[in-house]
Amino acid sequence: MPHNHPRVSRSPELLAPAGSPEALAAAVAAGADAIYLAGRRFGARHYAANFSDDELRSAVDYAHLRGVRVYVTVNILIRDDELPDVARYLLWLYEIGADAVLVQDTGVASLAREVVPDLPLHASTQMTVHNREGVVWAAREGFSRVVLARELTLAEIEGMAEDAEARGVGIEVFAHGALCYCYSGQCLLSSVIGGRSGNRGMCAQPCRKPYRLVIGEMDDFGRPKDLRAVPAKDHYLLSTRDLAIYPYLDRIVHAPVASLKVEGRMRSAEYVATVVSIYRRALDAIAAGEAWSPSRQDIRALALAFNREFTEGYILGAPDIMARDRPGNRGILLGTVVGYDPRRREATVRLIGDLAPRSGDGLAFCTDDPDHDVGAVVRGTPAVRRGTARLSVPEPVGEGTRVFLTRSADLEERAQRVMEKPLQQLPLDVTVTWDDGTPCLEATVLAHDDEPLRVRYRSDLVMEPARSRPLTTEQIAEQFGKTGGTPFMIRHMDLRYPGGLFAPLGELNRVRRSFFERVEAAVLAAWRPGQNAVDAARERVKKAIAGMVRPPSPHPEPRVPSVSVYTDTLEGAAAAARCGAKVVYLEPSTPAILKEAAAVCREGGADLVWKWPSITRRNFLDAAAPLLPSLYEAGIHGVMVSGMGAADAVRRAEPRMPLYGAAGLNVWNHRTAGELAGHFLRCTASPELPAADLARLAESAGGVLELEVLVQGNIEALVTEDRLVAAVAGEHPAGRFMGIEDRRNRVFPLRSDGEGRTCIANAVETCLIDHLPRIAGMGVDAVAIDARGRGPHYAADMARIYREGIDAVARRDHGMLSVLKDEVKRRALGGITGGHFVRGIEE
């Protein structure tokens with residue numbers, strides 16, 4: 001039933017994607033308030049067409065002339081040697097009038113604040129902001145908007161907006177499109193599998209591949225034995241549905257949300273036109289207080305544009321967002337096969353509903369196994385008789401095969417009509433006067449931020465007194481009133497013609513064109529910074545780049561790094577401390593064991609640090625933060641966190657508590673290290689950094705921030721809200737190994753954090769024991785072993801092996817490292833790899 005909605009005082013911004021100039025034009029035509037896009041550098045959609053510099057400049061101008069804002073993504077992690085180019089790029093974006101930049105890298109954010117402080121900053125969802133403290137941190141760091149993690153609920157978002165310190169920061173949420181399985185910004189799965197990093201915009205989407213859940217016993221080192229597959233109907237265990245909050249827009253628009261984001265920079269212009277136009281109509285109707293309810297026709301159009309089955313998402317409390325049966329476009333069910341003629345290669349399809357195929361439609365004949373689906377294109381509109389249609393299909397299909405409409409020629413035609421409709425034009429109020437026969441034109445237009453802009457133009461035309469047939473007022477008004485081919489329309493013209501003058505009509509047309517060019521230039525200039533501001537920014541960029549160019553430094557003094565161990569049990573903590581670990585990062589299932597663990601670690605000569613989960617939402621923070629004062633008094637040496645929001649929560653609850661930064665902080669460059677130095681005692685370098693980049697980071701961080709490197713263990717590749725084991729197997733049996741196996745028989749271990757989230761690790765174990773001389777030579781302060789889920793024997797042996805390895809490096813007995821590497825191999829899960837330290841990532 002339609003609902004009468006109160007008129008909303010402010011409708012949220014409709015933010016559309018554009019992966020190409022065609023998609024940008026489609027978004028503008030469909031009614032987007034703003035568009036996000038990327039240049040060919042530093043954007044998180046490397047495989048989209050994206051925009052060349054010339055295209056990007058033109059795109060910004062095109063949008064601005066139509067009152068649409070443009071946000072440019074600079075949302076990948078940046079290496080130290082790229083920072084000068086990033087500074088120049090930010091300056092250029094500022095000069096061309098970009099309305100904001102989206103960033104992931106904390107160092108890039110600090111650089112932007114330094115060199116272009118007037119360019120608004122948006123925190124990308126890749127920053128994994130997922131709690132109120134994270135929004136407050138963003139506000140303090142100068143962000144004007146935060147794109148929240150997709151996993152948050154509407155109630156959590158409303159709670160964030162109530163915090164006085166977070167006010168003034170716009171909240172942006174995803175409204176439509178693909179969902180990531182992992183918390184964005186915390187995913188290394190594509191990176192560890194094939195070197196294509198999602199943090200560099202090159203995700204290979206391994207979550208859309210088939211896997212099977214496996215279970216087995218564990219040996220003393222936490223490795224699986226007697227593995228068996230858990231019976232399951234579906235094999236795409238990590239594949240999510242697509243988000244669509246369209247049916248619930250009336251709830252969302254009354255929430256404290258500044259912007260609704262449509263995902264889809266890899267999608268076509270037709271997709272953008274379809275989705276954006278549907279959301280535009282709905283938002284306008286709700287804002288006007290009209291009776292609005294979701295349209296069945298619109299829901300069908302959204303599904304035909306692209307869908308993997310829709311979900312309302314975590315934001316609206318969806319109980320399940322997964323589509324584990326198949327990873328691709330579902331389209332809409334058209335019917336089922338009731339017969340097949342092998343001679344004609346035709347399937348007889350019984351249609352359901354009111355959809356009928358027509359020429360140009362795309363079809364998918366779907367079996368229970370997506371690998372055996374058959375695609376077809378309808379050639380010529382088939383006749384429908386008694387509810388059936390005969391459709392050509394290139395391969396035999398069996399009775400009962402479901403047939404889906406995956407591409408609609410009708411929908412594409414409607415999308416074309418959206419893209420071809422006349423665009424809204426900027427209204428001009430024009431006054432024309434004459435000075436000694438010279439036409440002088442003045443326009444008033446509402447330009448940037450609805451500020452009235454006056455543009456005056458004195459033409460170079462001198463109209464002569466007419467000898468016989470002077471131009472009439474009507475003739476002049478007709479020539480000056482033509483606006484075809486411009487983004488303007490004349491709302492009102494005050495023509496103060498003295499009469500009796502003549503000029504060729506072509507000359508009047510030339511004056512008009514020059515005038516509109518002058519108005520267009522003035523409108524665009526209003527969206528850009530002034531020359532003085534640009535000059536000042538250029539000086540700041542020069543200064544910043546000069547500060548990045550350091551004179552060659554003497555080789556850093558080799559340090560003797562200490563050994564740290566991650567574990568999740570009291571027994572693991574005791575074993576690690578007993579065998580040489582100086583710091584133990586304990587991520588327990590319950591904090592009740594922390595005080596005992598601290599005492600055990602002290603006996604072994606180690607400091608205990610409470611390792612918080614990678615994701616710390618409201619329930620966890622409200623339970624954990626009050627414990628910190630008493631834990632500090634009990635000798636807990638610090639708290640390790642993966643996000644700036646969690647760091648803020650620790651500082652507020654117990655300012656004396658030292659902070660340790662986990663790999664989830666994504667420390668890639670010296671700017672990020674510098675930003676964290678005032679808050680953290682020690683941070684973990686990103687495990688994606690190759691050796692050369694790590695050496696540069698260690699050199700720049702030395703003396704400012706202790707740096708730690710993950711050298712051993714199955715690196716955590718993702719964290720997700722999906723309770724995978726419970727969904728597929730029903731429960732996670734205690735003491736058993738659980739993992740997912742891909743078609744290359746690689747087994748990725750999984751575990752649950754203290755709040756039940758699924759954490760999936762790399763199938764192959766990182767091992768850098770033979771690289772310890774180089775690591776020590778970089779001046780790294782500590783090396784870390786991840787023994788979570790591996791038991792006390794693994795924690796003890798690896799702590800001992802790396803302690804012996806460091807001692808061997810100190811006495812230059814590098815031959816000992818080969819012996820120790822063999823010991824590691826005998827305990828490793830899935831083999832060993834030098835990982836990104838050795839091979840880097842794909843560029």
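This text walks through a predicted model, from one helix and its neighbours to a sheet, some salt bridges and a loop.

Helix 19 (residues 644–653) is a useful place to start. Seven of its 10 residues are buried, so helix 19 is largely enclosed by the rest of the structure. The buried residues are M644, G645, A646, A647, D648, A649 and V650. What do these buried residues of helix 19 pack against? Their neighbours are three elements numbered below helix 19 in the helix series, namely helix 5, helix 17 and helix 18 (628–633), together with strand 31 (638–641), strand 32 (659–661) and helix 20 (670–677).

One of these neighbours, helix 5, can be followed in detail. Two packed helices are described by the angle between their axes and the distance between the axes. For helix 5 and helix 19, the axes come within 7 Å and cross at roughly 95°. That angle makes helix 5 roughly perpendicular to helix 19, because angles of 65 to 115 degrees count as such. On the side of helix 5, the contact is made by E133, G134, V136, W137 and R140. Helix 19 contributes M644, G645, D648, A649, R651 and R652. Sorted by class, this contact has five charged, four nonpolar and two polar residues.

E133 of helix 5 also takes part in a salt bridge. Side chains of opposite charge can pair when their charged atoms come close. The partner of E133 is R618, with 2.8 Å from N to O. R618 belongs to helix 17 (residues 618–624) and E133 to helix 5 (residues 132–140), so this pair, 485 residues apart, links distant parts of the chain. Are these two residues buried or exposed? Both R618 and E133 are buried.

Strand 31, another neighbour of helix 19, has cover on both faces. G638 and M640 lie on one side, V639 and V641 on the other, and all of them are buried. Strand 31 pairs with strand 30 (residues 607–611) in the parallel sense, over three bridges. Within this pairing, K611 has M640 of strand 31 as its bridge partner. Strand 31 is also joined to strand 32 by three bridges, and these two strands run parallel. Here the bridge partner of V641 is G661 in strand 32.

A separate part of the model holds an open sheet of four strands. Their order is 24-23-22-26, and the pairing is mixed. Which strands form the edges? They are strand 24 (452–458) and strand 26 (488–495), each of which pairs on one side only. From one strand to the next, the twist averages 25°. Strand 22 (residues 426–435) and strand 23 (residues 438–446) run antiparallel and are joined by eight bridges. D429 stands opposite T444 of strand 23. Two helices pack on this sheet. Helix 12 (residues 473–480) touches strand 22, strand 23 and strand 26, and its direction makes about 155° with that of strand 26. Helix 13 (residues 505–527) touches strand 22, strand 23, strand 24 and strand 26, and its direction makes about 145° with that of strand 24.

The structure holds 77 salt bridges, and some of them join loops. D371 and R743 form one, with their closest N and O atoms 2.7 Å apart. D371 lies in the loop between strand 17 (362–366) and strand 18 (374–377), and R743 in the loop between strand 36 (737–741) and strand 37 (747–752), so the pair ties together parts that are 372 residues apart in sequence. D371 is partly exposed, with a relative accessible area of 43%, while R743 is exposed at 56%. The side chains of E309 and R241 meet in another salt bridge, at 3.7 Å from N to O. This pair also ties together loops, 68 residues apart in sequence. E309 is partly exposed at 31% relative accessible area, whereas R241 counts as buried at 17%. Salt bridges can also form networks: one links E156, R617, E721, R723, D753, E755 and R757.

The last stop is G830, in the loop between helix 25 (815–825) and strand 41 (832–833). G830 counts as exposed, because its relative accessibility is 53% and the cut-off is over 50%. Leaving aside residues up to four places away in sequence, G830 touches A763 and V764.

Notes: Residues are numbered from 1 along each chain as its sequence is written. This is a predicted model: local features need pLDDT of at least 70, side-chain atom pairs count only at pLDDT 80 or more; totals for chains, interfaces and linings use all residues. Side-chain values use heavy atoms; hydrogens and water are left out. A salt bridge is a side-chain nitrogen of Lys or Arg within 4 Å of a carboxyl oxygen of Asp or Glu. Buried means under 20% relative accessible area, exposed over 50%, partly exposed in between (1.4 Å probe, protein chains only). Axes are lines fitted to C-alpha atoms, for helices over the stretch in contact, and angles run from 0 to 180 degrees between N-to-C directions. Angles under 35 degrees count as roughly parallel, over 145 as roughly antiparallel, 65 to 115 as roughly perpendicular and the rest as oblique. Contact means heavy atoms within 4.5 Å. Ala, Val, Leu, Ile, Met, Phe, Trp, Tyr, Cys and Pro count as nonpolar, Asp, Glu, Lys and Arg as charged, and the others, Gly among them, as polar. Two strands pair if DSSP finds at least two bridges between them.
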